[in-house]
Amino acid sequence: MPSVTTYSEWTDLLTQFGDGNDISLEKLKTGTFTIDAGTASRFYRKVEEVYKKRKQHWLDRFQHSFRLQSFGKIDDFEMLLRNGKQNLYPLTAFIALKGLPEDLRKTLKKDIEGFVAEIKKSLKENVSKSSNEREKMLILLNSFGINGISENTKVIDGKVNEIIAATGRKIIF
């Protein structure tokens, strides 16, 4: 696959990624782009627009899954958090693109960390204080975040998949 090097190619792929196409993210990973004075502000705006769009899409899906899910068991809550965390992978991979300027990556990383921390705080505040499984829920919430997103996660056929070791086992801490 040829590397993405021009402003036009980047903006096309950024638009695709903003529209939910995670395959474009794989193409962007190999891309490089030298920002010049003529494209800098437009490029930064485009990246910010795409980032915000994908972040809002993630939030909408996460909130929707909470509305649909009935929490009969702690396992249901755990599955919802695991899916939410896994669905954060495209955003975290996006902000780590080597083709993005370092200052922009740092700004986006700080934003996503604050965003996830705010979600986690909100969820913790809404955990029932009288629930028998409150402690388990709080432990699960403590593991929710972008720090534990696996580097072995790949986008295959437009879906986020985590590659599991050859032993077939996945160790979760």
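A charge is said to sit over a ring if NZ of Lys or CZ of Arg is within 6 Å of the ring centre and within 35 degrees of the ring normal. The exercises below concern a predicted model.

**Exercise 1. Charges over rings, and the helices that carry them**

Determine which residue lies over the face of F17, and describe how α1 and α3 pack.

*Solution.* Begin with F17: R54 lies over the face of this ring, at 4.2 Å from the ring centre. A further case is found at Y7, where R42 lies over the face of the ring at 4.9 Å from its centre. Next, place these residues in their elements: Y7 and F17 belong to the α1 side of a helix contact, and R42 and R54 to the α3 side. Among the other participants in this contact are W10, T11 and L14 in α1, which, with their neighbours in the list, meet a set in α3 that includes F43, K46 and V47. Now turn to the geometry of the two helices, whose axes are 9 Å apart and which pack at an angle of about 15°. Because angles under 35 degrees count as roughly parallel, α1 is roughly parallel to α3. Finally, the handedness of the α1 and α3 crossing is left-handed.

**Exercise 2. Two aromatic pairs contrasted**

Classify the pair of W10 and F33 and the pair of F62 and F66, and state whether each ring residue is buried, partly exposed or exposed.

*Solution.* The structure holds eleven aromatic pairs. In one of them, W10 and F33, the centres are 6.5 Å apart and the planes stand at 40°, and the pair is tilted. This pair links distant parts of the chain, since W10 is in helix α1 (residues 7-18) while F33 is in the loop between α2 (23-29) and α3 (40-68), 23 residues apart. For accessibility the cut-off is needed, buried meaning under 20% relative accessible area. W10, at 0%, therefore counts as buried, and F33, at 14%, counts as buried as well.

For F62 and F66, the ring centres are 5.1 Å apart and the planes are at 80°, so the pair is edge-to-face. These two residues are four apart in helix α3, and are therefore separated by about one helical turn. F62 has 5% relative accessibility and so counts as buried, whereas F66, with a relative accessible area of 22%, is partly exposed. As a last step, place the pair in its surroundings: F62 and F66 belong to one aromatic cluster together with W58, F77, F115 and F144.

**Exercise 3. From the whole chain to α6**

Give the order of elements in the protein chain, and then describe how α6 and α7 are arranged.

*Solution.* The secondary structure comes to seven helices and two strands, and from the N terminus on the elements run α-α-α-α-α-α-α-β-β. Of the 173 residues in the protein chain, buried residues make up 37%. Among contacts between residues at least 6 apart in sequence, 68% join residues at least 24 apart.

Proceed to α6 and helix α7 (residues 134-142), whose axes come within 10 Å and cross at roughly 180°. That angle makes α6 roughly antiparallel to α7. The contact is made by K120, L123 and K124 of α6 and by L138, L141 and N142 of α7.

To finish, consider A96, which is found in the loop between α5 (89-95) and α6 (102-125). At 41% relative accessibility, A96 counts as partly exposed. The C-alpha atoms of A96 and K106 are separated by 8.8 Å, the two residues being ten apart along the chain.

How values were computed: Residues numbered from 1 in each chain as written. Predicted model: local features only at pLDDT ≥ 70, side-chain atom pairs only at ≥ 80, totals over all residues. Heavy atoms only, no water. Phe/Tyr/Trp six-rings, centres within 6.5 Å; stacked < 30°, edge-to-face > 60°. Buried < 20%, exposed > 50% of the residue type's maximum accessible area, 1.4 Å probe, protein only. Axes fitted to C-alpha atoms, helices over the stretch in contact; angles between N-to-C directions. Parallel < 35°, antiparallel > 145°, perpendicular 65-115°, else oblique. Left-handed = near helix turned anticlockwise from the far one by under 90°. Contact = heavy atoms within 4.5 Å.
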